[in-house]
Amino acid sequence: MIEARHVTKKFKRVRAVDDLSFDLQAGGSLALWGSNGAGKTTLIRCLLGVFPAKGTIRLNGIDVSKKGKHARAMIGYVPQELAFHDDAKLGSAIRFFAKLRRVDVRQAAQSLALVGLSGHESKRVRDLSGGMKQRLALAIALIADPPIIVLDEPTSNLDSSGRGEVVDTLLRLRKQGKTMIFASHRPDEVITLADQVLVMEQGRLVQQTTPEVLWPSRSSIRSLRLFIEQGDEHHAAEILREGGFAVNHANIGLTVAIEQHRKAEPMNHLAARGIIVRDFELLRDVQQDDEPEHPVRTEPMSEVLR
Ligand code: ADP
Ligand code: MG
């Protein structure tokens, strides 16, 4: 279904995507996992063929760089930043996009039903919850019934109930056989939605693996934040990744998603390679769905795992 070979995209000196290859079967679901700046958004843009990149990407055998329009017609894309007119009503917004894509407006109604928004047509966009807005974006992406859905951090701006709505909707679409690629910072989402994970760092593919390998025990995954001498952080992240740990180079320290009963392992692994962990803290359980009434930390999980 999707075949990427030696994809490279440079912005001046920065190799945002660096010689990256992967395959995804029809009906598969692939998560892009990596810190901020790892190249996830750029890779998504390469898939959409929005700018020239080296290497080849084929969707159902069609070369994105040669037949961009044809290839893009196979993708429903939900960008990271949504742009809707706040005054527009949901029904007219989706009809507008149906006309733009030259599909029957009846398909707009089907698309709304697919994301569970039927009956909300007369609501104004500004009155929708975050989860509903995100599902509207998904409905728009689905209008022409594309076989592939591509989403860039679809839940990063949502609260826990909005996240639940979006994840449930995406799960339903998966069961209908859609092929999916999405960027995410949340282990719980990746575990629920993906069957494969591309671990990316500085544009490179570190490994193509599965959620089961990254997080062997689906329950009791904890987020551990490690504090290391600043100059050593990058090296430490590499060592942990090579050791099979799911790590994000966060704004503060390194965040490792780890099973409850293995919490000391990342520190031992680093110590064995001569890297000293100065301090650590345990963030709240990433599997936990409800926000605590009095949250201990104010950052949303998406920030913490960055
Ligand atoms: P991610 O989505 O994983 O956070 P991005 O794909 O946005 O990462 O960015 C990858 C790298 O490419 C970063 O170093 C970023 O600064 C750089 N980059 C992304 N888009 C542009 C652009 N339009 N111009 C210059 N540099 C860019
Ligand atoms: Mg991004």
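Axes are lines fitted to C-alpha atoms, for helices over the stretch in contact, with angles running from 0 to 180 degrees between N-to-C directions. In this predicted model, the axes of helix α9 (residues 233–242) and helix α10 (residues 265–272) come within 10 Å and cross at roughly 110°. Angles of 65 to 115 degrees count as roughly perpendicular, and α9 is therefore roughly perpendicular to α10. The two helices cross in a right-handed sense. On the α9 side, the contact is formed by Ala236, Ile239 and Leu240, which meet Pro266, His269 and Leu270 of α10. Sorted by character, the residues of this α9 and α10 contact comprise five nonpolar, one polar and no charged.

A second pair to look at is α5 with α6. Helix α5 spans residues 130–142 and helix α6 spans residues 160–175; their axes come within 8 Å and cross at roughly 25°. Because angles under 35 degrees count as roughly parallel, α5 is described as roughly parallel to α6. Here too the crossing has a handedness: α5 passes α6 in a right-handed crossing. From α5, the contact draws on Gly131, Met132, Gln134, Arg135, Leu138 and Leu142, while α6 supplies Gly162, Glu165, Val166, Thr169, Leu170 and Leu173. Six nonpolar, four polar and two charged residues make up the contact of α5 with α6.

The third pair is α3 with α4. The axes of helix α3 (residues 90–100) and helix α4 (residues 105–114) cross at roughly 125° and come within 9 Å. These two helices are therefore oblique to each other, and their crossing is right-handed. In α3, the residues Leu90, Ile94, Arg95 and Ala98 meet Val105, Ala108, Ser111 and Leu112 in α4. The contact of α3 with α4 divides into six nonpolar residues, one polar and one charged.

Turning from the helices to the bound molecule, which residues are found around ligand 1? The surroundings of ligand 1 are made up of Phe11, Val14 and Ala16, together with Ser35, Asn36, Gly37, Ala38, Gly39, Lys40, Thr41 and Thr42. Several of these residues can be followed down to individual atom pairs. A polar backbone atom of Gly39 is 2.9 Å from an oxygen atom of ligand 1. For Thr41, the partner is a polar side-chain atom, which lies 2.8 Å from an oxygen atom of ligand 1. The side chain of Thr42 likewise takes part, with an N or O atom 2.6 Å from an oxygen atom of ligand 1.

Definitions and conventions. Residues are numbered from 1 along each chain as its sequence is written. Chains are lettered from A and ligands numbered from 1 in the order in which they are written. This is a predicted model: local features need pLDDT of at least 70, side-chain atom pairs count only at pLDDT 80 or more; totals for chains, interfaces and linings use all residues. Side-chain values use heavy atoms; hydrogens and water are left out. Helices (H or I, at least four residues) and strands (E, at least two) are DSSP runs, numbered from the N terminus. Angles under 35 degrees count as roughly parallel, over 145 as roughly antiparallel, 65 to 115 as roughly perpendicular and the rest as oblique. A crossing is left-handed if the near helix is turned anticlockwise from the far one by less than a right angle, and right-handed if clockwise. Contact means heavy atoms within 4.5 Å. Ala, Val, Leu, Ile, Met, Phe, Trp, Tyr, Cys and Pro count as nonpolar, Asp, Glu, Lys and Arg as charged, and the others, Gly among them, as polar. A residue is near a molecule or strand if one of its heavy atoms lies within 4 Å of it. A polar contact is a pair of N or O atoms within 3.5 Å; within protein, one must be able to donate a hydrogen and the other to accept it, and residues adjacent in sequence count only if both atoms are side-chain atoms.
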